[in-house]
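Trainee: I am new to this structure and would be grateful for a close look at its interior. Please treat that part in one connected account, including the pairings of side chains that bear on it.

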Amino acid sequence: MKNEASNQNLYEKGYQLYTEMYQDFTSKLNFNRPVIDEKYYQAMPLTQLTQLANQGDAAAQYCLADYYAEEDQMELAMDWYQRAANGGCAEAMEMLAGIYGDDAGSRDEALEWLKKASKVGCSAYTAYQMVHLYLDHNNPSFEDYENALPWLMLFSAYMQSSEEEAQSK
């Protein structure tokens with residue numbers, strides 16, 4: 001009986017510690033992410049899109065980067081993704097993280113882009129990619145698991161929220 005009470009006490013302390021950690025973690029993120037109207041930009045002639053991108057429109061830069069990526073002109077795409085990310089476009093930051101994350105030597109750079117994206121506007125994709133980068137390698141450390149945990153819980157919350165929203169329709 002005493003062992004059960006001790007285990008319950010440990011569970012409650014652990015849950016309280018986790019709750020405090022998660023609240024502290026999520027308080028540092030921005031969930032009011034601006035949404036890019038990609039259809040608006042994709043309907044533009046390429047010259048007009050390029051002109052807007054050259055004027056510093058981060059959404060236009062992101063859409064232009066997508067255009068070049070679809071055309072397999074990755075050097076141009078990377079340049080425009082970089083410009084869009086530096087202009088504050090969270091989608092571009094996530095795209096760069098995905099590209100760098102595919103290259104095993106660039107994991108740290110991918111993590112940095114995702115951290116920046118989470119401050120601009122955190123998404124389920126950002127949370128999922130953070131978990132993936134922390135844990136999907138040959139030998140994750142305890143620190144990797146510790147860093148991945150709040151992102152995993154955030155991703156889970158996104159998925160639960162999406163499921164509840166779908167059920168209410």
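Mentor: A disulfide is a pair of cysteine sulfur atoms within 2.5 Å. By this rule, the count for the structure comes to zero disulfides. Cys63 belongs to no disulfide, the nearest cysteine sulfur being that of Cys89, 8.0 Å away. Cys89 is likewise in no disulfide, and its nearest cysteine sulfur is that of Cys63, at 8.0 Å. The distance of 8.0 Å between these sulfurs is to be set against the cut-off of 2.5 Å. Both cysteines nevertheless belong to the interior: Cys63 is buried, with a relative accessible area of 6%, and Cys89 counts as buried at 5% relative accessibility.

It should be said at this point that the model is predicted. The surroundings of the interior may be described next. The protein chain has nine helices and zero strands, and along the sequence its pattern reads α-α-α-α-α-α-α-α-α. Of its 169 residues, 36% count as buried. The accessible surface comes to about 10,800 Å², and carbon and sulfur atoms account for 51% of it. Among contacts with a separation of 6 or more, 51% are between residues 24 or more positions apart.

The interior itself can now be examined. In soluble globular proteins, nonpolar side chains tend to be buried together. Here the largest nonpolar core has 40 residues, and those with the most contacts inside it are Tyr41, Tyr62 and Trp151. Helices α3 (46-54), α4 (58-70), α5, α6 (90-101), α7, α8 and α9 each supply at least two residues of this core. The greatest contribution is that of α4, with eight residues.

Tyr62 deserves particular attention, as one of the residues with the most contacts inside the core. At 7% relative accessibility, Tyr62 counts as buried. Apart from residues up to four places away in sequence, Tyr62 touches Ile36, Glu38, Tyr81, Ala84, Cys89, Glu91, Ala92 and Met95. Cys89, already met in the discussion of the cysteines, is thus one of the residues that Tyr62 touches.

Tyr81 is another residue in that list, and the rings of the two tyrosines form a pair. The structure holds four aromatic pairs. In the one made by Tyr62 and Tyr81, the ring centres are 5.9 Å apart and the planes stand at 55 degrees, so the pair is tilted. This pair links distant parts of the chain, with Tyr62 in helix α4 and Tyr81 in helix α5, 19 residues apart. Tyr81 counts as buried at 2% relative accessibility.

A second aromatic pair consists of Tyr67 and Tyr68, and it is edge-to-face, with 5.3 Å from centre to centre and 70 degrees between the planes. Tyr68 counts as buried at 14% relative accessibility, whereas Tyr67 is partly exposed, with a relative accessible area of 30%.

Buried positions also include residues with polar side chains. Gln129 lies in helix α8 (residues 124-135) and is buried, with a relative accessible area of 11%. Leaving aside neighbours within four places in sequence, Gln129 is in contact with Gly98 and Leu114.

Charged residues complete the account. Side chains of opposite charge can pair when their charged atoms come close. The structure has three salt bridges. One of them joins Arg107 to Asp144, the closest N and O atoms being 3.1 Å apart. Arg107 lies in helix α7 (residues 107-121) and Asp144 in helix α9 (residues 142-168), so this pair ties together parts that are 37 residues apart in sequence. Asp144 is buried, with a relative accessible area of 10%.

The two remaining salt bridges each lie within one helix. Asp79 forms a salt bridge with Arg83, with 3.2 Å between the closest N and O atoms. These two residues are four apart in helix α5 (residues 74-86) and are therefore separated by about one helical turn. Asp79 is partly exposed at 33% relative accessible area, and Arg83 is partly exposed at 36%. Glu112 forms a salt bridge with Lys115, with the closest N and O atoms 3.7 Å apart. Glu112 and Lys115 are three residues apart in helix α7, a separation of about one helical turn. Glu112 counts as partly exposed at 42% relative accessibility, and Lys115 is partly exposed at 31%.

Terms used:
Residues numbered from 1 in each chain as written. Predicted model: local features only at pLDDT ≥ 70, side-chain atom pairs only at ≥ 80, totals over all residues. Heavy atoms only, no water. Buried < 20%, exposed > 50% of the residue type's maximum accessible area, 1.4 Å probe, protein only. Contact = heavy atoms within 4.5 Å. Areas by Shrake-Rupley, 256 points an atom, 1.4 Å probe, with all protein chains shown as cover. Salt bridge = Lys/Arg side-chain N within 4 Å of Asp/Glu carboxyl O. Core = buried A, V, L, I, M, F, W, Y, C linked by side-chain atoms within 4.5 Å. Phe/Tyr/Trp six-rings, centres within 6.5 Å; stacked < 30°, edge-to-face > 60°.
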